Every structure is written in structure tokens, then in C-alpha cells.
Amino acid sequence: MSAPGATTYREALRAAHREALQRDPRVFVMGEDVGRYGGAYAVTRGLLAEFGPERIRDTPLSESVFVGAGIGAAIGGMRPIVEVMTCNFALLALDQIVNNAATLRHMSGGQLGVPLVIRMATGAGRQVAAQHSHSFEGWFAHIPGIKVLVPATLEDARGMLWTALQDPDPVLICEHATLYNASGELAPNAGAVEIDRAAIRRAGQDLSVITYGGSLAKVLAAAAELDREGISAEVLDLRTLRPLDDRTILESVRRTRRALIVDEGWRSGSISAEISARLMESGFFDLDAPVARVCSLEVPVPYPHHLEEACLPQVEGIVRAAKESLGHG
């Protein structure tokens, strides 16, 4: 429960579900424990009593089956929201997501769309070990035919779901698991938000720090620390990993002439690698320094707290990388 006057990320997501269920009778929620238990992260708690078992459906522990059922329902005219507990478990449904949801519009010559929303938790920081802690949103962003959203703020947690439900094609929403208890003020009239543009969360002029999801708070803390040392960092929240908002990224780097990408995924083949390549292709002559990256160490995320902390991007490392990019290292 949030403090009086405040809303948590979890409550913002729940409000978005409630609104979607109220507004469109085609919307239903499906997944493991989303009904009686209220979801692995309590996002759907209370919705079974409010909307009934026809619209809040518990499923067996079979990700491939219930994601496939969601694809079928979407083709049949429904607007399913499928909850997969973590992105690690989503790999069990990878065939359904990659070979069916993402491809059917193209394979049918545009005749068949799959308006499906799949929600999943992602990321580390809670000591639940490797099989519950990885960040695979960058993998999914590799796949044409789907959109990948990464809400980092209360406004986006509240508003992205409704926009995703309006999309005629599959949308994945990857929610960093450490954000569910994040709280703050949310406007009473908060609603749908655009999902096509990145956002400048802090203006700056010396360096662009590009990030998303659970790393945004760390980057903002690093930017505040850099500011105390006279370094003005611009913080860019990607919000959507596929399609990437190249224009906002390039405009920011053209202003600051330096780029640092902070990505909780592994460095090799990551979304940070993709962004770095695009900056090389389209913004090389705007750069005064090589593109820098802070990523997770390339090991399965460990269970012990001190090792998990050491494995992930942290404020200290972001500050150090920013200074090195500016020649202050």
C-alpha cells in the first residue's frame, strides 16, 4: 500500500488493467495465478472479484500454451492481456511469440493481425537468483513484428497498457521487478500515453546518458552526483526498445556530443550495442568521444546480495564512466 496521496507502480498498473477491462468487453487477463492469488507481483489483485473468472483467468504452468491461447483469442477478435511471471519464463513461450505472434501479419500478407499484449517482469536486484533475474527485453527487441515497451515511471506504468491495447500487432511490456513498490504522485486524470517517443528526463549539455526501465533511477542519481561536480548530464529514457526512437537519441547526442548507454542487459549483443551502432552510423561526426557503455557483468545473475550488486550497473560505475567519457577519469 502506498503512502496517503501517493501511488505505487503496482497500483498504477492495476488501475490501467481496471480501466481497460471497464472500457472494452473484449479485454481479458490470463496467466499463472493472476486470479485468486492476484498475480506474481500483485498487479491483478482484486480484479477476479470485480470482473469474474471469465475475464480474469488462471492458467496452468505452461507458458507456451497460454501465450498460444492468447494469440488465438487475439486473432479471434479479443484483446487479451497475458501475464508471464518473468521474462526468464517467457523463453518457454518463445516459439509462440517469435514464430507466431510476430510473424502472422507478414505471413498472411497483412490479412491477419495479432493484437496481443504480453506483460512480464524483468531485471535483477531482489536476490532471486539467475532464473528469475535476467533482462531479456533486448532479445525481444531484436524481433521484427512486435513492439517492446519498458515503462520506468508511474505515468508510463499507468498509460502504456491502454496504448498497447490499441495496437493491431503484438506488444510486450517489460516491467522491472524492482519498480513495483516505487511510489510517487500520479495525476488523477493520468491516462494513455504515446509509446513512440523517448523522453528527456533531465536536461543537460555535457553528456547524454541513455537508459530505460529499472536503470533510470540509478542514472538520475548519477546525474545528480555529476551535477554537484559541475558536470551537466542529459538523461534520456528510451521507453520503447522496439522501435527505437532514433531521432530523440541523435538530437540529444548532437547537443551534448557524448553518449553513455546504461543497460542492465549483458554487453554482448545487447540493446546498448544496437544503440551504439546506430550512433556510429548516423551520429559519428557529432561525437567528441567514443560511445561508452555500462552493462551487467557477463555472468548469470548471482544470488548473494554483494555479488548481485557487483554484477549490475550501479551509480558509482555510471558516474565513473561519465567522467571517463569527458576525460575526467
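**Notebook: cysteines, a surface patch and a sheet**

Entry 1. I looked up Cys-295 and found that this residue is buried, with a relative accessible area of 13%. I note at the outset that the structure is a predicted model. Buried here means under 20% relative accessible area, so Cys-295 at 13% falls within that class.

Entry 2. I then turned to Cys-311. Is Cys-311 buried or exposed? I recorded a relative accessibility of 2%, so Cys-311 counts as buried.

Entry 3. I asked how many disulfides the structure holds. The answer is zero. As a reminder to myself, a disulfide is a covalent bond between the sulfur atoms of two cysteines. Why does Cys-295 not form such a bond? The closest cysteine sulfur to that of Cys-295 belongs to Cys-311 and lies 11 Å away, which is too far for a bond. I repeated the search from Cys-311, and its closest cysteine sulfur is that of Cys-295, at 11 Å, again too far for a bond. The cut-off I applied is 2.5 Å between the two sulfur atoms.

Entry 4. I next examined the surface. Met-280, Phe-284 and Phe-285 form a nonpolar patch there, and their accessible area together is about 370 Å². Where does Phe-285 lie? I placed Phe-285 in the loop that runs between helix H11 (271–283) and strand E14 (292–296). Phe-285 has a relative accessibility of 74% and therefore counts as exposed, the cut-off for exposed being over 50%.

Entry 5. I traced an open sheet of seven strands, in the order E3-E2-E4-E5-E7-E6-E12, with mixed pairing. Which strands are at its edges? They are strand E3 (56–58) and strand E12 (240–242), each of which pairs on one side only. On average, neighbouring strands of this sheet are turned by 20 degrees against each other, with direction ignored.

Entry 6. I looked more closely at the E3 edge. Strand E2 (residues 27–31) pairs with E3 in the parallel sense, over three bridges. For Gly-31, I noted Asp-58 in E3 as the bridge partner.

Entry 7. Finally, I followed the chain to Tyr-41, which is found in the loop between E2 and helix H2 (47–51). Is Tyr-41 buried or exposed? Its relative accessibility is 17%, so I entered Tyr-41 as buried. I also looked up Tyr-41 together with Pro-170: the two are 129 residues apart along the chain, and their C-alpha atoms are separated by 22 Å.

Terms used. Residues numbered from 1 in each chain as written. Predicted model: local features only at pLDDT ≥ 70, side-chain atom pairs only at ≥ 80, totals over all residues. Heavy atoms only, no water. Buried < 20%, exposed > 50% of the residue type's maximum accessible area, 1.4 Å probe, protein only. Patch = residues over 30% accessible without salt bridge, like charges linked within 9 Å, V, L, I, M, F, W, Y side chains within 5 Å. Areas by Shrake-Rupley, 256 points an atom, 1.4 Å probe, with all protein chains shown as cover. Salt bridge = Lys/Arg side-chain N within 4 Å of Asp/Glu carboxyl O. Helix = DSSP H or I, 4+ residues; strand = E, 2+ residues; numbered from the N terminus. Pairing = 2+ DSSP bridges. Axes fitted to C-alpha atoms, helices over the stretch in contact; angles between N-to-C directions.
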